[in-house]
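Below are some notes on the model, set out as numbered points. They start with a cavity and then move on to the other voids, the rings and the domains.

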Amino acid sequence: MEKIKVTIAASGLNNIDSPGPGIPVIRGIRDSKDFDVRIVGLAYENLEPGAYMHELVDKTYKVPYPSEGSDALMERLKVINEQEHIDVLIPNFDSELYTFIKAENTLRDIGIQTFLPTMKQFEERHKSNLPEFGKKYQVKVPFSKPISSVSDIEKLKDDIEYPFVVKGKFYDAYIAQNKEQASMYFNRISAKWGLPIIIQEFIKGTEVNVVALGDGNGRTIGAVPMRKQYITDKGKAWGGITLDDSRMLDLTHHIISQTRWRGGMELELIRTDKNEFYLIEINPRLPAWVYLAVGAGQNLPEALVKLALGLPANPFTNYETGKLFIRYSYDMICNLDEFMKLSTKGEL
Amino acid sequence: MQLKKNIAISDTGFLFDPSTGDSFTLNPMGIEILGMIKEGKSQAEITSHITSMYDVVESAFERYFYDFISMLKHHQIIEGNGEN
């Protein structure tokens, strides 16, 4: 069968020690037997490694940060699209999702398909809304409360005990043992990611994760549970292994069917010593470890592209248990003119 | 006591629990004892077998055996009270 030619734009090319999911997503799509792909990378910084990985990314364009306003980003995308005729756009950063979800129709009007959660799904799974989410969908969640001032920490003393987790709205989380640490982490995270800061009950147990894809009609296209085996000082998985746990899969199916989740997602769960699962976070996109799912038999990035293009995507029924990923760092040697092109012309 | 479902043990003593992702390495004695637990042998049968095969008195073996069983239970590799 002849492969379908598609041009896919993807962000998250920062394949660094705290990697974005762009490169693993692209690897999955490149593995596809159904698509003949051209990959257009969208980079926010000149040194995002993916821009220089020409075997994976055909062409890279610099784009303005979403914080500069969605108009600037959309204008830039329109210019890029005139050159590239993008079929599918896969944003891979939490911080850009709001803009792209909002721009779904505008993008469609210029021929670019996305497959993202709805605004309602995106909003209700926010860390700050987790207690309501748990209540609405009957999922165990830790006590969480968004705060906007250091002085709010003191006001929480009747609701939560130390240690608790201090979390940023998009990224970063630290365990605070006392008020001094909580204040320090509040300031550190808010300076980087803004407000609110989420104070979350610390659940003792093992962190386990699920990468999944929902079709938007309540059906789970694929789901693979994983346990991090090696965690960096930034809390990122450097190694992980697929698990055989039907309860994790049941929980994933439950969340996807109840929320009618559309797009990729990562569930962050804590398994307690009593074998109970607490949902601590839903990331509304495929995670950086998604290539483990591909390696275990579920090419979720490829399935996401199919869904975006309105092509049939059959649910995966199996995956290989005990499959490992081990991340590694690698020094690419690049010529100055490449760096110069991306820095000055905004494309490479 | 019963070995938890799905636990995989290789000939070289690599033990993998697919539900937790935990893996362990067993020494030859560990492999032999877990093999017997897997076959459904009772503690008395295991003790009898080991004390007849190796130079170890029953009381000493039982002390190590309980330690080993406690460790297996701690890591949720076996289920049951460990004394039948």
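1. In this predicted model, strand β13 (residues 277-283) of chain A is the element that gives the most to the lining of the second largest cavity, with 3 residues. The residues around this cavity are D94(A), R125(A), H126(A), K127(A), K169(A), F170(A), E281(A), I282(A) and N283(A). The space inside comes to about 40 Å³. By class, the lining holds 5 charged, 2 polar and 2 nonpolar residues.

2. How many cavities of 30 Å³ or more does the count give? There are 2. The largest cavity has a volume of about 70 Å³. Its lining is made of 13 residues, and those closest to the centre are P91(A), L116(A), G264(A), R285(A) and L304(A). Nonpolar residues number 9 in the lining of the largest cavity, with 3 polar and 1 charged.

3. The second largest pocket is an open space with a volume of about 930 Å³. It is lined by 33 residues, of which N15(A), I23(A), M53(A), R327(A) and Y328(A) are the closest to its centre. Which elements of chain A each supply at least two residues of this lining? They are α1 (22-30), α10 (290-295), β14 (324-326) and α12 (336-344). The lining of the second largest pocket divides into 23 nonpolar, 6 charged and 4 polar residues.

4. Over all chains, the structure holds 8 aromatic pairs. One of them joins Y44(A) and F93(A), with 5.8 Å centre to centre and 55° between the planes, and is classed as tilted. Y44(A) belongs to the loop between β2 (35-43) and β3 (59-62) of chain A, and F93(A) to the loop between β4 (88-90) and α3 (94-102) of chain A, so this contact ties together parts 49 residues apart in sequence. Y44(A) and F93(A) are both buried. Ring pairs also bring in Y65(A), linking Y44(A), Y65(A) and F93(A) into a cluster.

5. A second pair to check is Y174(A) with Y185(A), which is stacked: the centres lie 4.6 Å apart and the planes are at 10°. Y174(A) is in strand β7 (residues 173-176) of chain A and Y185(A) in helix α8 (residues 179-193) of chain A, so the pair ties together parts that are 11 residues apart in sequence. Are these two rings buried or partly exposed? Y174(A) counts as partly exposed because its relative accessibility is 24%, above the 20% limit for buried. Y185(A) has a relative accessible area of 12% and is therefore buried.

6. Y174(A) has a further contact: the charged end of R188(A) sits over its ring, 5.2 Å from the centre. Another arginine, R27(A), lies over the face of Y291(A), at 3.8 Å from the ring centre.

7. Chain A is divided into two domains. Domain 1 covers 4-114 + 331-344 and is thus written as two segments, while domain 2 covers 143-201. The C-alpha centres of domain 1 of chain A and domain 2 of chain A lie 33 Å apart.

Definitions and conventions: Residues are numbered from 1 along each chain as its sequence is written. Chains are lettered from A and ligands numbered from 1 in the order in which they are written. This is a predicted model: local features need pLDDT of at least 70, side-chain atom pairs count only at pLDDT 80 or more; totals for chains, interfaces and linings use all residues. Side-chain values use heavy atoms; hydrogens and water are left out. Rings of Phe, Tyr and Trp (its six-membered ring) pair if their centres lie within 6.5 Å; planes under 30 degrees apart count as stacked, over 60 as edge-to-face and the rest as tilted. Helices (H or I, at least four residues) and strands (E, at least two) are DSSP runs, numbered from the N terminus. Buried means under 20% relative accessible area, exposed over 50%, partly exposed in between (1.4 Å probe, protein chains only). A charge sits over a ring if NZ of Lys or CZ of Arg is within 6 Å of the ring centre and within 35 degrees of the ring normal. On a 1 Å grid over the protein atoms alone, a cavity is a set of points where a 1.4 Å probe fits but cannot get out, and a pocket is an open set with protein on both sides within 12 Å along at least five of seven lines; lining residues have an atom within 4 Å of a point. Grid points are joined across faces, edges and corners, and a volume is the space filled by probe spheres set on the points. Ala, Val, Leu, Ile, Met, Phe, Trp, Tyr, Cys and Pro count as nonpolar, Asp, Glu, Lys and Arg as charged, and the others, Gly among them, as polar.
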